[in-house]
Structures are given as C-alpha cells and as structure tokens.
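Visitor: Could you take me on a close look at one part of this model, the sheet that begins with the hairpin near the start of the chain? I would like to hear how it is put together and what packs around it.

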Amino acid sequence: MRTERTVLRIGRADGSVREVPLRYNASHQRGYRCFLGELADSPEHISEETPRSFEGRTLFEALAEYRKSIEPDGWRLLHAVARRDCWPKPDELFPVVHELVPGVEETHSINGFEPAEFDQVTSLVEQQRAFQRWMQSLAPVYQGRVPPLAGHEHDPPGVAFGPLARLAGRIVSQQDD
C-alpha cells in the first residue's frame with residue numbers, strides 16, 4: 001500500500017516539543033488512514049489489514065482523532081491544522097486548511113502540515129468554537145449567489161423550478177386528490 005511520510009510536531013505550554021513520525025494513506029473509498037510510531041518508519045509492514053493508529057474521512061478528521069488522544073495530557077499539534085484561526089472546507093480531502101479572518105468570507109488556503117507556534121494553536125474544542133465565532137461574524141447573505149438569468153437582473157430573489165420539477169409537482173398533487 002502506497003503511503004506518505006511526514007513528521008508531526010507536538011508541544012506543551014512548558015516549551016517541551018516532540019516529533020512523532022506519521023505515515024498516512026488517502027483513499028476515496030476509505031478516507032485517510034494514519035500510522036504512528038514504528039509503522040511510520042516501516043512502510044513495508046503496512047498493508048490493508050494493518051490496524052490504523054487513527055483514521056477519518058478527511059485528513060483533518062483523522063488528525064482530530066489523534067488530537068483527542070494527546071490534548072488531555074496538555075499536548076498540542078504544532079501545525080496549521082490546529083491553528084486557532086484555521087478550519088478545513090467541508091469535504092476537502094487534501095491536507096489543506098483555510099485561514100479565517102473575522103468578518104471576511106474569503107479565506108486563504110494553507111498546507112495543514114505547515115509549522116505553527118504553540119501560541120497559534122489550540123485544542124480541537126476551542127478551534128471549533130473559533131470557527132463558529134467566525135461563521136457568526138459573517139454578514140448574512142440575503143440573495144442567492146447564482147447569477148440571475150439574462151434580462152432578470154432586477155427580479156426579486158426566488159426559486160426557479162425546471163420542467164422536471166414542475167412535472168413532479170403535478171404528479172404529487174394529483175396523488176393528494
């Protein structure tokens with residue numbers, strides 16, 4: 001099984017830092033499968049049957065599982081994936097997170113493995129709260145983001161139903177009679 005190797009840095013508030021070898025595999029069917037420790041240095045021993053150290057649908061979710069195991073002991077992942085101001089886009093499979101600026105909808109993508117200092121990272125729970133605060137800081141969107149059809153630029157926002165939807169509506173309404 002083909003895997004990628006990297007090294008995770010974890011740290012504590014007292015300044016202690018450790019490096020943890022990580023090997024991971026991405027599959028559109030199985031998500032991300034991650035292997036720590038000796039397995040990270042012995043890819044020839046990794047197969048489909050090898051128990052994973054942790055896994056997730058996305059790399060962010062897989063690393064979140066790892067974070068849940070180290071954070072109760074005061075350790076923090078020292079990478080952008082754990083930064084207070086970063087969060088992944090839904091269903092993004094690559095090791096990318098997005099830097100969030102309060103009140104600004106546009107984000108900046110960052111490699112999730114980019115190094116981060118201890119004062120930039122936080123616990124997974126606090127990172128989730130920071131993401132929620134960012135979402136609440138955005139201005140409400142009152143109009144759809146799909147551009148209106150030519151000649152309809154000044155129409156009020158609404159929903160357009162196509163021929164198939166109209167046919168389905170007629171069939172359903174006839175069944176109600």
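Guide: Happily, and let us start at the turn: β1 and β2 form a hairpin with 5 residues between them, and Gly15 in that turn has a positive phi of about 95°. Before going on, a word on the ground rules: this is a predicted model, in which local features need pLDDT of at least 70, side-chain atom pairs count only at pLDDT 80 or more, and totals for chains, interfaces and linings use all residues. Residues are numbered from 1 along each chain as its sequence is written, and side-chain values use heavy atoms, with hydrogens and water left out. Strands (E, at least two residues) and helices (H or I, at least four) are DSSP runs, numbered from the N terminus, and two strands pair if DSSP finds at least two bridges between them.

The two arms of the hairpin run antiparallel and are joined by 8 bridges. Glu4 has Tyr24 in β2 as its bridge partner. A second hairpin follows, joining β2 to β3 through 3 residues. Here 6 bridges hold the antiparallel strands β2 and β3, with Ser27 opposite Gly31 in β3. From β3 (residues 31-36) the sheet goes on to β4, again antiparallel, over 3 bridges; Cys34 stands opposite Phe54 in β4.

Put together, the 5 strands make an open antiparallel sheet in the order β4-β3-β2-β1-β5. Its edges are β4 (54-56) and β5 (76-77), each of which pairs on one side only.

Now for what packs around it. Helix α1 (residues 59-70) lies across β1 (4-11), β2 (17-27), β3, β4 and β5, and runs at about 140° to β4 (axes are lines fitted to C-alpha atoms, for helices over the stretch in contact, and angles run from 0 to 180 degrees between N-to-C directions).

Aromatic rings offer a good way to follow the packing. Rings of Phe, Tyr and Trp (its six-membered ring) pair if their centres lie within 6.5 Å; planes under 30 degrees apart count as stacked, over 60 as edge-to-face and the rest as tilted. By this rule the structure has 6 aromatic pairs. One of them joins Tyr24 and Phe113, a tilted pair at 5.7 Å centre to centre with 40° between the planes. Tyr24 belongs to β2 and Phe113 to the loop between β8 (104-111) and α2 (124-137), so this pair ties together parts that are 89 residues apart in sequence. Tyr24 is buried, at 13% relative accessible area, and Phe113 is buried too, at 14% (buried means under 20% relative accessible area, exposed over 50%, partly exposed in between, with a 1.4 Å probe and protein chains only).

Another pair joins Phe54 and Tyr66, stacked at 5.2 Å centre to centre with 20° between the planes. Because Phe54 lies in β4 and Tyr66 in α1, the pair ties together parts that are 12 residues apart in sequence. Both Phe54 and Tyr66 are buried.

Back in β1, Thr6 is worth a stop. Thr6 counts as buried at 19% relative accessibility. Beyond its neighbours within four places in sequence, Thr6 is in contact (heavy atoms within 4.5 Å) with Val20, Pro21, Leu22, Tyr24 and Phe113. Thr6 and Tyr24 are 18 residues apart in sequence, and their C-alpha atoms are 8.3 Å apart in space.

Let us finish at the β5 edge, where Arg76 lies. Arg76 is buried yet has no salt bridge (a side-chain nitrogen of Lys or Arg within 4 Å of a carboxyl oxygen of Asp or Glu). The nearest side chain of opposite charge, Glu71, is 4.9 Å away (Lys and Arg count as positive and Asp and Glu as negative; His and the chain ends are not counted). Glu71 instead forms a salt bridge with Arg67, with the closest N and O atoms 3.1 Å apart, and both Glu71 and Arg67 are buried. Setting aside neighbours within four places in sequence, the contacts of Arg76 include Arg9, Ile10 and Gly11, as well as Ile70, Glu71 and Phe118.
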